[in-house]
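Me: Hey, can we go through this structure together? I'd like to start with its pockets.
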Amino acid sequence: MSFFFFLSWNVQFTDVTYKIVIKGMTTTEEKDILNGITGSVNPGEVLALMGPSGSGKTTLLNLLGGRLSHPISGGSITYNDQPYSKFLKSR
């Protein structure tokens with residue numbers, strides 16, 4: 001499966017990581033979903049995310065769209081050189 005979208009902003013993401021916490025009956029462990037993802041998209045460019053099922057495409061898009069922040073994420077995501085904020089989300 002592939003995702004295509006058109007951006008009118010400069011989006012940069014550097015060393016993006018995302019982990020989930022799996023709580024069992026007796027143990028708790030972290031599972032890496034994304035690890036060290038870096039890229040950028042300039043205004044007017046089309047971005048295609050391609051990969052097999054379960055490779056993290058939707059998770060990355062959700063992070064870029066500000067839909068995920070927990071439980072654990074790292075790296076930086078900027079829009080026109082500004083960090084993500086509720087103001088940017090409303091635009």
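Me: Which strands each supply at least two residues of the lining of the second largest pocket?
Reply: Strand 2 and strand 5 each do that. Strands here are DSSP runs of E with at least two residues, numbered from the N terminus. A pocket is an open set of points on a 1 Å grid over the protein atoms alone, where a 1.4 Å probe fits, with protein on both sides within 12 Å along at least five of seven lines; lining residues have an atom within 4 Å of a point.
Me: Is this model something I should read with cut-offs in mind?
Reply: This is a predicted model, where local features need pLDDT of at least 70, side-chain atom pairs count only at pLDDT 80 or more, and totals for chains, interfaces and linings use all residues. Residues are numbered from 1 along each chain as its sequence is written, and side-chain values use heavy atoms, leaving out hydrogens and water.Me: Okay, which strand gives the largest share of that lining?
Reply: Strand 5, with six residues. The space in this pocket is about 250 Å³, counted as what probe spheres set on the grid points fill.
Me: Which residues are closest to its centre?
Reply: Leu 63, Leu 68, Ser 73, Ile 77 and Tyr 84, out of 14 lining residues.
Me: What is Ile 77 in contact with, beyond its neighbours within four places in sequence?
Reply: Its partners include Phe 13, Leu 63 and Tyr 84; contact means heavy atoms within 4.5 Å.
Me: New topic: how do strand 2 and strand 3 run?
Reply: They run antiparallel, joined by 10 bridges; strands pair if DSSP finds at least two bridges between them. The two form a hairpin with four residues between them, and Lys 23 stands opposite Thr 28 in strand 3.

Conventions:
Residues numbered from 1 in each chain as written. Heavy atoms only, no water.
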